Amino acid sequence: VAVTSPGCVYAWGRSDHGQCGHEASGIPHPVRAFAELEVTAAAAGGAHTVVVDAAGVARVFGLSATTCTVLRAVAVSAGDMYAIVLDAEGRVWTWGSNEHGQLGHGDEEDLDEPAEVAGLTVLLRPHPVWRQDATLDPVL
């Protein structure tokens, strides 16, 4: 899965659970279901894909399709059957298969809905960006 600069999502590969948003293909194709959204981040798992739109809404398509409107997501990651979201406050949320404790909640219970990982907060710092004159300028 890839996100282009205008926020369009392209996916390719297997799609036996709908994780590509279209038929399986070895060539990237746009995911039309998200054509109206400005997608800022995306991650592909084994049977699902997670995208975040400009409003911070995390959406999953494929196996275990959900929309997580309360997260204010800024980054996503996806495992074989689980998803991880970082929100704007630095909190980490996980859900999905937890067969090996990979969700980080101290158990092996699967979760259908996102749950905050207790005691884990990521320090979010401004990151440098390139200005048009090619000098490094920190974002404040």
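Strands are DSSP runs of E with at least two residues, numbered from the N terminus. The exercises below concern a predicted model.

**Exercise 1. Determine the order of secondary structure elements along the chain, and how many helices and strands the chain contains.**

Solution. Step 1: reading from the N terminus, the elements run β-β-β-β-β-β-β-β-β-β-β-β-β. Step 2: the count comes to 13 strands and zero helices. Step 3: for the chain as a whole, 34% of the 140 residues count as buried, and the accessible surface is about 8400 Å², with 54% of it belonging to carbon and sulfur atoms.

**Exercise 2. Describe the open sheet that four strands form, and identify the strands at its edges.**

Solution. Step 1: the strands follow the order 8-9-10-11, with antiparallel pairing. Step 2: strand 8 and strand 11 (111-121) each have a single partner strand, so they stand at the edges and one side of each has no neighbour in the sheet. Step 3: from one strand to the next, the twist averages 25°. Step 4: the antiparallel pairing of strand 10 with strand 11 extends over four bridges; arginine 91 is found opposite threonine 121 of strand 11.

**Exercise 3. Characterise the environment of threonine 94: is the residue buried or exposed, and which polar contacts does its side chain make?**

Solution. Step 1: threonine 94 belongs to strand 10 (residues 91-96). Step 2: its relative accessible area is 2%; as the limit for a buried residue is under 20%, threonine 94 is buried. Step 3: its side chain reaches the backbone oxygen of leucine 103 at 2.9 Å and makes a polar contact with the side chain of histidine 105 at 2.7 Å. Step 4: beyond four places in sequence, the residues in contact with threonine 94 include Leu103 and His105, together with Ala83, Ile84, Leu111, Glu113, Pro114, Ala115 and Val117.

**Exercise 4. Analyse the largest nonpolar core: which of its residues touch the most other members, and which element gives the most to it?**

Solution. Step 1: the core has 13 residues, and those touching the most other members are Val50, Val52, Ala58, Ala73, Val76, Val85 and Trp95. Step 2: two or more residues come from each of strand 4 (39-44), strand 5 (48-53), strand 6 (58-62), strand 8 (73-78), strand 9 (82-87) and strand 10. Step 3: strand 8 gives the most, namely three residues. Step 4: valine 76, residues up to four places away in sequence aside, touches Ala41, Ala42, Ala43, Val50, Val52, Ile84 and Val85. Step 5: another core, of seven residues, lies apart from this one and includes Val9, Phe34, Val51 and Phe61.

Notes:
Residues are numbered from 1 along each chain as its sequence is written. This is a predicted model: local features need pLDDT of at least 70, side-chain atom pairs count only at pLDDT 80 or more; totals for chains, interfaces and linings use all residues. Side-chain values use heavy atoms; hydrogens and water are left out. Buried means under 20% relative accessible area, exposed over 50%, partly exposed in between (1.4 Å probe, protein chains only). A polar contact is a pair of N or O atoms within 3.5 Å; within protein, one must be able to donate a hydrogen and the other to accept it, and residues adjacent in sequence count only if both atoms are side-chain atoms. Contact means heavy atoms within 4.5 Å. A nonpolar core is a set of buried Ala, Val, Leu, Ile, Met, Phe, Trp, Tyr and Cys residues joined through side-chain atoms within 4.5 Å. Two strands pair if DSSP finds at least two bridges between them. Axes are lines fitted to C-alpha atoms, for helices over the stretch in contact, and angles run from 0 to 180 degrees between N-to-C directions. Accessible areas come from the Shrake-Rupley method with a 1.4 Å probe; for residues, only the protein chains shown count as cover.
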